[in-house]
Amino acid sequence: MRDANVVNESANIVIVGSGLAGSLLAGMCAARGISGVLVLEAGPDIPMGDPSWWFHHVASGGGTPNTPYAACYDAAQDITATGGAGPKAEPPWSIVGGRIFGRGGTTLHWGGWIPRFMPEDFALCSATGQGIDWPFSYSDLEPFYCMAEKYLGASGDSTDNSPPRSQPYPYDAAPYPISAGPFISAFEKLSIGYGHLPMARYGQASGDFGPCRTTGTCDYCPVAGRFTGDQPLTLLRGNPAVTVRMGAPVIAIRMSSKQRVAGVTYLDQTSGRIVQVDAQAVILCNGALEVPKLLLGSKSIYWPGGIGNDHDLVGRFLSATQFFYSSGQMPNLAGFQEELGFASLCSRAFDTPAYQKKGKLFISMNYETPNLDVAKWMAAGKSVQEILAARVAATAFQLYGNLSAIPQYDNRVTPDTGTNRFGLPRTRIDTPAPLYDPDSAQEYLGIMNRVLATMGCSSVNAGTYPQRSDHAACTTRMAKDASNGVVTPELQVFGTDNLFIVSNSVMPTLPAANPTLTLVALAYKVALDSNTALGSLVGSVPKP
Ligand SMILES: Cc1cc2nc3c(=O)[nH]c(=O)nc-3n(C[C@H](O)[C@H](O)[C@H](O)COP(=O)(O)OP(=O)(O)OC[C@H]3O[C@@H](n4cnc5c(N)ncnc54)[C@H](O)[C@@H]3O)c2cc1C
Ligand code: SF4
């Protein structure tokens with residue numbers, strides 16, 4: 001007898017997740033003229049580039065809490081975590097604010113920093129004995145980095161050839177703010193190299209989006225001035241070949257044999273019904289924490305330990321950038337004010353082969369200070385003299401540092417009991433092994449402190465944030481053989497014919513630089529190669 005609560009559907013290709021990766025793949029399918037593409041997204045639609053939301057955002061004091069996507073974060077009760085970042089297992093992991101469930105995914109509130117990885121990042125094992133090497137080199141990926149920069153609307157310094165580049169950035173680098181001056185002087189005094197941080201912000205209008213007008217409210221942009229994952233889906237609206245279904249958490253992948261995926265099962269949050277979709281192929285684009293959880297939760301007679309998990313590697317090697325800060329106080333005699341809503345000064349002086357063994361550091365300047373909210377002071381009834389005095393008073397100057405992660409087999413994400421409000425299993429993160437070397441961290445913090453002291457700052461102090469999942473990666477890593485990884489270099493789950501993963505989860509290792517540009521470049525590399533199964537399925541260049 002048929003279960004009245006179960007509905008059957010069919011699609012050609014199912015894409016799980018509508019974030020940056022899912023929307024990229026949907027765009028590729030559409031550009032190739034493939035029909036029957038179904039994007040299943042657990043979260044809701046989220047209004048972006050909406051002037052009324054922008055007014056609310058600004059009038060309420062800005063920040064991420066006053067945005068429509070803040071309602072789509074994990075809640076504190078959605079995670080069970082043991083172990084922390086450092087050897088003393090402190091501070092604990094935090095995933096609240098580390099990803100977004102909804103149309104467009106986590107890039108709705110990303111910083112838009114898009115540095116390339118360095119050539120040595122593709123060969124960590126050869127250089128240090130840690131983890132595994134990537135199955136290809138930087139030069140293999142370089143042409144696709146150029147395409148990815150175009151897709152994301154990158155602004156950058158085309159004269160900066162470290163790492164080497166074969167094409168200029170689509171847009172010029174944003175200028176340094178005037179407040180970067182003291183940092184630059186200190187870097188020069190200490191012989192620390194610095195440069196422009198490449199950003200995903202449109203220098204000119206790109207399709208229906210942008211240009212970036214340097215409004216400075218990047219937590220919610222009024223003009224869609226930077227790339228966000230919803231934009232490619234907006235371009236696909238009205239395209240009958242691609243259907244995007246919201247409130248549709250995929251709860252299982254169904255196999256018809258050991259190799260062959262039959263389709264997926266999702267929960268229709270609106271009707272409460274279970275929907276079984278038959279599909280020719282399934283592409284998992286649901287993020288580095290959810291991809292392994294879904295594979296592990298999809299047990300069958302063919303894969304009793306979860307799909308792709310015959311070697312107990314799914315969800316392992318969980319890596320994430322550790323974020324540090326160094327902060328000091330100094331009179332703001334020049335009356336610096338925040339000019340840009342995004343970082344533009346960075347240093348990759350410690351992001352070189354010499355630092356690979358101890359962990360590499362990517363340094364950036366905090367662009368948000370000094371910043372006096374004059375309107376608030378006026379509203380509080382302060383006099384002109386008081387405001388002028390506050391403008392030049394001692395204030396905080398800060399540097400941030402992203403530290404690369406150590407790949408550790410024992411660090412793992414798995415599905416936990418219970419579900420979150422999006423219908424997905426709660427998340428369990430166990431990180432018994434340290435994610436970074438604490439001695440290296442202290443050394444780097446000392447260097448960042450020295451920069452601030454050289455600027456003339458006093459009360460210099462440094463620290464770390466709770467280990468965040470913003471750059472979670474490596475949980476279904478790519479390798480040349482199944483005993484070392486979960487997906488092939490062609491992004492196909494080992495042992496399957498028609499199951500693919502496009503996510504930070506496939507990265508073999510996570511260096512210091514932000515991961516998303518590399519994810520797009522990797523997707524291009526595989527999907528534009530007609531010799532790969534994914535390439536023969538979807539390969540086409542989507543509209544940037
Ligand atoms: C605060 C913050 C700042 C960041 N800044 C930067 C930066 O400056 N530079 C950079 O390179 N990176 C940055 N990142 C990381 C960047 O956002 C990610 O690399 C990127 O979003 C990954 O894209 P994705 O498509 O793989 O995953 P996501 O964008 O997370 O999309 C996954 C989607 O899948 C959906 N989903 C999950 N499970 C299921 C399921 N079972 N069924 C259906 N749908 C599902 C989710 O709801 C989500 O919409 C930042 C991240 C954060 C949190
Ligand atoms: S600075 Fe930020 S908020 Fe302003 S237009 Fe550019 S991306 Fe949008």
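**Notebook: loops, ligand 1 and helix packing**

I located Asp-312 in the loop between helix 7 and strand 15 (322-331). The model is a predicted one, and I read every value below as computed from it. For Asp-312 I then looked up the backbone torsion: phi is near 50 degrees, a positive value in a residue that is not glycine.

**Entry on cis peptide bonds**

I next recorded the peptide bond that joins Ser-162 and Pro-163, which is cis, with omega at about 5 degrees. I placed Pro-163 in the loop between strand 6 (154-156) and strand 7 (171-172).

I recorded another cis peptide bond between Thr-369 and Pro-370, where omega is about -10 degrees. Pro-370 belongs to the loop between strand 17 (361-365) and helix 8 (374-379).

**Entry on ligand 1**

I asked how many residues surround ligand 1. I found 38, and the closest are Ala-21, Glu-41, Thr-106, Trp-113 and Thr-516. Sorted by class, this shell holds 16 nonpolar, 18 polar and four charged residues.

I then examined polar contacts from ligand 1 to the backbone. A polar backbone atom of Leu-20 is 3.1 Å from an oxygen atom of ligand 1. For Gly-111, I noted a polar backbone atom at 3.0 Å from a nitrogen atom of ligand 1. In Gly-112, a backbone N or O atom lies 3.1 Å from an oxygen atom of the ligand.

I checked how much of ligand 1 the protein covers: on its own the ligand has 1,000 Å² of accessible area, and 93% of that is covered by the protein. I also looked up which elements give two or more residues to the shell around ligand 1; they are helix 1 (20-32), helix 7 (287-297) and helix 11 (516-527). Helix 7 also bounds the loop that holds Asp-312.

**Entry on helix packing**

I turned to helix 1 and helix 11, both of which contribute to the ligand shell. Their axes come within 11 Å and cross at roughly 30 degrees. Angles under 35 degrees count as roughly parallel, and helix 1 and helix 11 are therefore roughly parallel to each other. I recorded the crossing of helix 1 and helix 11 as right-handed.

I then took helix 4 (residues 138-152) against helix 11: the two pack at an angle of about 115 degrees, and their axes are 8 Å apart. That makes helix 4 roughly perpendicular to helix 11. Their crossing is right-handed.

I finally asked at what angle the axes of helix 5 (residues 181-189) and helix 10 (residues 438-455) cross. The angle is roughly 115 degrees, and the axes come within 9 Å. Helix 5 is thus roughly perpendicular to helix 10. I entered the crossing of helix 5 and helix 10 as right-handed.

Notes
Residues numbered from 1 in each chain as written. Chains lettered and ligands numbered in written order. Predicted model: local features only at pLDDT ≥ 70, side-chain atom pairs only at ≥ 80, totals over all residues. Heavy atoms only, no water. Near = heavy atom within 4 Å. Polar contact = N/O pair within 3.5 Å; in protein donor to acceptor, adjacent residues only side chain to side chain. Areas by Shrake-Rupley, 256 points an atom, 1.4 Å probe, with all protein chains shown as cover. Helix = DSSP H or I, 4+ residues; strand = E, 2+ residues; numbered from the N terminus. Nonpolar A, V, L, I, M, F, W, Y, C, P; charged D, E, K, R; others polar. Axes fitted to C-alpha atoms, helices over the stretch in contact; angles between N-to-C directions. Parallel < 35°, antiparallel > 145°, perpendicular 65-115°, else oblique. Left-handed = near helix turned anticlockwise from the far one by under 90°.
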